[in-house]
Amino acid sequence: MQLMYPWFLVGLLAVAIPIVIHLLQLRRPQRVLFTNTSFIKQVELVTVRHRKVQQLLILMARALAVVSLVFVFCQPFFIVGRNIGGFSTTSLDVLVDNSLSMQQQGAVQELFGMAVMQARKLGQSTVAGTRIKLLNSGGIAMSQPSYQSKLDGLKLSTLSPFAKVGAINKNESGEKNLLYLFSDFQKDTFTGLLLNNLGTNRQVVLVPLAGQRTSNVYVDSVWLDDAFVRVRTNVGLHVRLRNGGNLVANDCPVKIFLGAKQVAAFRITVGPEQTVASVVQVQINDDAMALGRVVTEDVPVTFDNTYYFTLQPAAAIRILEIGAEPVARQLYGNEPLFVYSFAKPRNVDYGAMRQANLVLLHEVGEVDAGLRDGLRAVVKRGGSVVVVPVAQEAGHVSYQQLFRDLGLGAVQWEAKTAVPELREVAMPSVREPFFRDVFGAQKRVVTMPRVAPVLRWSRTGTDILRLRDGESYLADFASGAGRVYVFSAPFAKEYSDFVSHALFVPVMYRMAMLSYRNEQLPAYRLAQGAVLLQLPTGADAAINPTDRADEAGFRFVKDSLTLIPVQRVVGQQVHLDVPAGMDTPGFYQVQRRGKVLTTVAFNQDKRESELAAYSADDLRRMIGPDRPNIRVVDGGDDGASLAKFRAEQTARPLWRYFLALALLALLAEVLLVRFGARRAVVNKVAVTA
């Protein structure tokens, strides 16, 4: 026999009440002796003995009534091993949500602790010999002691256990075991698709656990003002913070660290389910990668209080100019940010072109097929190409083919005139991102260059510079993974004075800096599928065909942990799948043959930080009438509802029998008092006669 509400056993202390009453009635009377009483003494002796037996029986009846009433409130039941509705009650499947969101507080403890406690009670309520599968531990059937031991060893994990929901229906034995799911049922992680994965061939019991109202500030993302990070130069680090709770977070402290040094600190107030973005200026002091952290001091949910990110100083930007004469040598060659090289159309080093970030095609007379293929390969891998057209009509056909190969479509060439008509370029908007910080904060009149366009394009790109009549002079087009910048006029003196204008330097610098692509993001999520990295271009990092067959060439290393991901190498890019066992946030080194290539930062899935969850009523509405095999039982704080449901499904309730026993005890007491008093009167009359 087991009790549904064992704490009502405290009511057994009430048994002391009839005992005290009985003891008070046993108080010995004072003896008074007088003559001729021997006959009366004999009669009283018989009466006293009868009264003692009567009082003892009344005491027992009263005590039995009190005990029976207490057990009625305890709701006793007896477990029986049988099948209900075709589902086995002696074989159970249990899944405990041990995701990080279960760290939030319930009424008396963490939701995870409540889930483990109720899962333990569920195991204790089963009959001896019941086989239980704890799906968190692989779904192997085990005895009750083993099940309890596995529950004790269960810990919070960054991996959601609902990933196992899709496989739990595949029961090779064909048994219809009851499945119990203990969870907070977050809205961002528990979806209708998961309900469909539960299937219809088994009984499923959802046990929602409700957390207290709280705030939870976490870092949604970080990004930089400019992908080109220079040493000892301030760069704006944007931090977007979000409150995933349901209470306002007031004055939440936020600290930013680069390495062991704190570089910024501020406080924010974020409303529930609101987002706030802040920007701080940070600086890298050397060429080494900086390992950063954003720390929020937010309780009681603390698993997402640290966000890891990396800042990598940009490598030198490789510039290749192709033309008859160099026009950008002084521009790029004297700046240490760039590695500049020049080649004539017939002497192009295609190996250098494959490594170039920006290729400047400057008034080449004719673009041959090999050069077109090389330029197409540049934008395909994410580089940038700048096209300055030629004025001679003989080269127009090859340029037309180049534009088609790059995805720009057809262009229209202007009719050639004896004296090109120069038109003034319009002042660009200071709000244009391309010209950020170029003109300064104060508005002033600037003399703009004059140009004579030789072509116009039909495909709509992003105009960077326009003429005053509205036609485009410099436009940006997306092509492959890279960009194509097209000037509508040559740089020759008769067609443009742009090269000698002050705007030439910032425009060309800006195109070069925007051509730099860092495939490595500042931070990644453990829940994402893969990581794309750009390998170094040095000889020691080159991959030859024999190395590509080595599928274990790259490894994730964190302290003593080493993980081998599934990897695919394409040129200088490597795709690394995030291993399933990688569940700890922090910094991971990417190593190849013992050499550290880079360091990447991983953080938890931000969906776990969103604490909005379904209530029991929400789940019932979500299930609807089409899933009769799924039931929702409110977990509560003590698991009483679950115990009652379990008793209704698998046990024989005994409280009715105890209620009947209490009524019988009270009836016995009434009969003893009534007929005992009548017997005493009869004896008294007999003595008097």
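**Exercise 1. In what order do the strands of the open sheet of three strands stand, and with what pairing?**

Before we solve it, a word on the model: it is predicted, so local features need pLDDT of at least 70 and side-chain atom pairs count only at pLDDT 80 or more, while totals for chains, interfaces and linings use all residues. Residues are numbered from 1 along each chain as its sequence is written, and side-chain values use heavy atoms, with hydrogens and water left out.

Solution.
- Step 1: Find the strands, which are DSSP runs of E with at least two residues, numbered from the N terminus, just as helices are runs of H or I with at least four.
- Step 2: Pair them, asking for at least two DSSP bridges between two strands. The order is 9-10-13, and the pairing is antiparallel.
- Step 3: Look for the edges: strand 9 (217-224) and strand 13 (275-282) each pair on one side only.
- Step 4: Check one pair. Strand 9 and strand 10 (residues 235-243) are joined by seven bridges, and V219 has L241 in strand 10 as its bridge partner.

**Exercise 2. Work out which strands pair with strand 11, and what stands opposite L258.**

Solution.
- Step 1: Strand 11 (residues 249-258) has seven buried residues out of 10; buried means under 20% relative accessible area, exposed over 50%, and partly exposed in between, with a 1.4 Å probe and protein chains only.
- Step 2: Strand 12 (residues 261-270) runs antiparallel to strand 11, with eight bridges. Here L258 faces K261.
- Step 3: Two residues lie between the strands of this hairpin, and G259 takes a positive phi near 70 degrees.
- Step 4: Strand 14 (residues 290-296) also pairs with strand 11 in the antiparallel sense, over five bridges. In strand 14, G292 stands opposite L258.

**Exercise 3. Decide how the two faces of strand 7 are covered.**

Solution.
- Step 1: Recall that side chains in a regular strand alternate between the two faces of the sheet.
- Step 2: Sort strand 7 by side: N177, L179, L181 and S183 lie on one, and L178, Y180 and F182 on the other. Residues on both sides are all buried.
- Step 3: Add the neighbour: strand 8 (residues 204-208) pairs with strand 7 in the parallel sense over five bridges, and V204 is the bridge partner of L179.

**Exercise 4. Describe how helix 3 packs against helix 4.**

Solution.
- Step 1: Two packed helices are described by the angle and the distance between their axes.
- Step 2: The axes of helix 3 (residues 111-124) and helix 4 (residues 144-152) come within 10 Å and cross at roughly 175 degrees. Axes are lines fitted to C-alpha atoms, for helices over the stretch in contact, with angles from 0 to 180 degrees between N-to-C directions.
- Step 3: The helices are therefore roughly antiparallel, the label for angles over 145 degrees.
- Step 4: List the residues that meet, with contact meaning heavy atoms within 4.5 Å: V116, A119, R120, G123 and Q124 in helix 3, and Q144, Y147, Q148, L151 and D152 in helix 4.

**Exercise 5. Where is A527, and is A527 buried or partly exposed?**

Solution.
- Step 1: A527 sits in the loop between strand 27 (524-525) and strand 28 (530-534).
- Step 2: A527 has 48% relative accessibility, so A527 counts as partly exposed.
- Step 3: Finally, A527 and R607 are 80 residues apart in sequence and 9.6 Å apart in space, C-alpha to C-alpha.

Note on methods. Parallel < 35°, antiparallel > 145°, perpendicular 65-115°, else oblique.
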